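Trainee: Got a minute to go through this model with me? I'd like to pick at a few spots.

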Amino acid sequence: MDVKAEILGSYNAKVFKNRKDHILRINKAEAENPEIAANTRAIPGIMTNRGCCYAGCKGVVVGPLKDAVTITHGPIGCGFYSWGTRRNKARPDEDGRNFIQYCFSTDMQEPDIVFGGDKKLRAAIREAMEIFKPRSILICSTCPVGLIGDDIHSVAAEAEREYGITCVAFSCEGYKGVSQSGGHHIANNGLMKRIIGSNDLAPTGKYPVNLLGEYNIGGDGWEVERILRRIGYDVVSVFTGDGSVQAISRAHTATLNLVQCHRSINYVAEMMKTAYGTDWLKVNFIGLKSISGSLRNLAQYFGAEELMERTEEVIAGETAAIADDMAFFREKLQGKTAALFVGGSRSHHYQELLSEYGVSTVLAGYEFAHRDDYEGREIIPAIREDADSKNIEQAEIMKDEKRYRVFLSPQRYEELKNTIGLEDYKGMIRDMPDGTYVVDDLNHFETGVFADLLKPDIFFSGIKDKYVLQKGGTLSRQLHSYDYSGPYAGYKGAVVFGRDLVMGLQAPAWGMVSPPWKINAEKSAAEGQRDSHA
């Protein structure tokens, strides 16, 4: 059965033309990797799962920073909807400050739209300083601000002079770009230009690294940091789960950037390479094989014998500690099928962990990916820039002559590029088996058809279609917020993940749900039986 043909056959000519290149079926016999359409505008009227530019900037990247008051300059709905939804956990700093549990907004009303909202923004900053006394304030603008022209950057500069703090404004109006990916880019630019490199306090450990693209959903970041520190790494900063402006300001002092989520934070990795010479390595701390592989690659980068030995000790100990639990849950999950549609690199990363439980993936896709997330970084030069991409500022980063340093010799750099994939990402498609589907910007109609025809046992997605799927008889687990569970990263997180899947699949509620295809089949059988009697 060709599900792609089934879906496209339901569309009119205009929608068919738009969607046909966003849906692929993997065929390894093809001479070249298939090209997929991505990072283009969703069709108006189709129920896409994407978020806006503001959601990518505030909701994903800068929102988890715990030592900064992040003010949404716009209507209260924008601020509230982007606050507290992703379960970014954070422990207070030594001074007890942790602002991520608060929702700060200028609450713009109609008079502010007509007469301008800059006065209200100044008042909000003044109130935040009086009550919370933060060292940093971040300002994220929403759609009305861009339309009326409030100069949030001037207001931020005034606040810095008046209060002696770091105040950074992000012009991340929701309509910019085609998805939240544009907001990631804007956030990365702001962090790079205004915060990274502003504190030269040197690392205390021998092997200093930054963890990029880790948002500490359900405590993921804590588990990854635990493993890294157990081996002997000095984690200078995390972007941005349980992260802080104070820590990120000295990120340039680390030797290597570890990139977990390729799409949301890869811009920072590339800019830090240009400015400071910091190498980056794509890592995956989801799934035992991937975790162990990433740790070995990391140890190989530094090349220290003691580090390699310690890495093997930790891998052996961590793997042995969870072996019985992994075997138990694998027995329960063996033979199940799954579909994944989420953001970042999660649709790629979680396939490894699912396979270790004997669960095969039948469909995977991203909300806001670019073609390189699917096909690998080598195709970046072939990606054509369109008008939507030009709405996002391209920061011009120059080499910092004072702070630029090179850790590897040119020969060693080339060697590691070939052996551990230094500064490379092969994309998701290469790891997808024959016959599986890859879909970019999956919409609600397509979700229903794929669930009906492929009948996955588990559909990993977000809140927007979770309950539609479950009412249709398919277990849906959120990989954006982990449904109030976690961590799923690391060795211990793999066990938590397996436990949650088994609990979900064995819940007695499924005996009370009749999916549409079962109802239709029973109805057809009843009608056929009635016709035969007639």
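Trainee: Which helix is Val114 found in?

Mentor: Val114 sits in helix H5, which covers residues 110-115. Keep in mind that this is a predicted model.

Trainee: And is Val114 buried or exposed?

Mentor: Val114 counts as exposed, because its relative accessibility is 63%, and the cut-off for exposed is over 50%.

Trainee: Which residues form a nonpolar patch with Val114?

Mentor: Ile113 and Phe115 join Val114 in a nonpolar patch on the surface. Together the three have about 350 Å² of accessible area.

Trainee: Switching to cysteines: how many disulfides does the count come to?

Mentor: Zero, with the rule being a pair of cysteine sulfur atoms within 2.5 Å.

Trainee: How far away is the nearest cysteine sulfur to Cys140, then?

Mentor: The sulfur of Cys57 is the nearest one, 4.2 Å away, and Cys140 is in no disulfide. Cys140 is buried, at 0% relative accessible area.

Trainee: Why no bond for Cys172?

Mentor: Its closest cysteine sulfur is also in Cys57, but at 3.8 Å that is too far for a bond. Cys172 is buried too, with a relative accessible area of 0%.

Trainee: OK, on to H12. How many of its residues are buried?

Mentor: Twelve of the 15, so H12 is largely enclosed by the rest of the structure. Among the buried ones are His262, Arg263, Tyr267 and Met271.

Trainee: What does H12 reach from first C-alpha to last?

Mentor: H12, residues 262-276, reaches 20 Å, close to the expected 21 Å. Just after H12, Gly277 takes a positive phi of about 80°.

Notes: Residues are numbered from 1 along each chain as its sequence is written. This is a predicted model: local features need pLDDT of at least 70, side-chain atom pairs count only at pLDDT 80 or more; totals for chains, interfaces and linings use all residues. Side-chain values use heavy atoms; hydrogens and water are left out. Patches are made of residues with over 30% relative accessible area and no salt bridge: like charges are joined within 9 Å, nonpolar side chains (Val, Leu, Ile, Met, Phe, Trp, Tyr) within 5 Å. Accessible areas come from the Shrake-Rupley method with a 1.4 Å probe; for residues, only the protein chains shown count as cover. A salt bridge is a side-chain nitrogen of Lys or Arg within 4 Å of a carboxyl oxygen of Asp or Glu. Helices (H or I, at least four residues) and strands (E, at least two) are DSSP runs, numbered from the N terminus. Buried means under 20% relative accessible area, exposed over 50%, partly exposed in between (1.4 Å probe, protein chains only). The expected span of a helix is 1.5 Å times one less than its number of residues.
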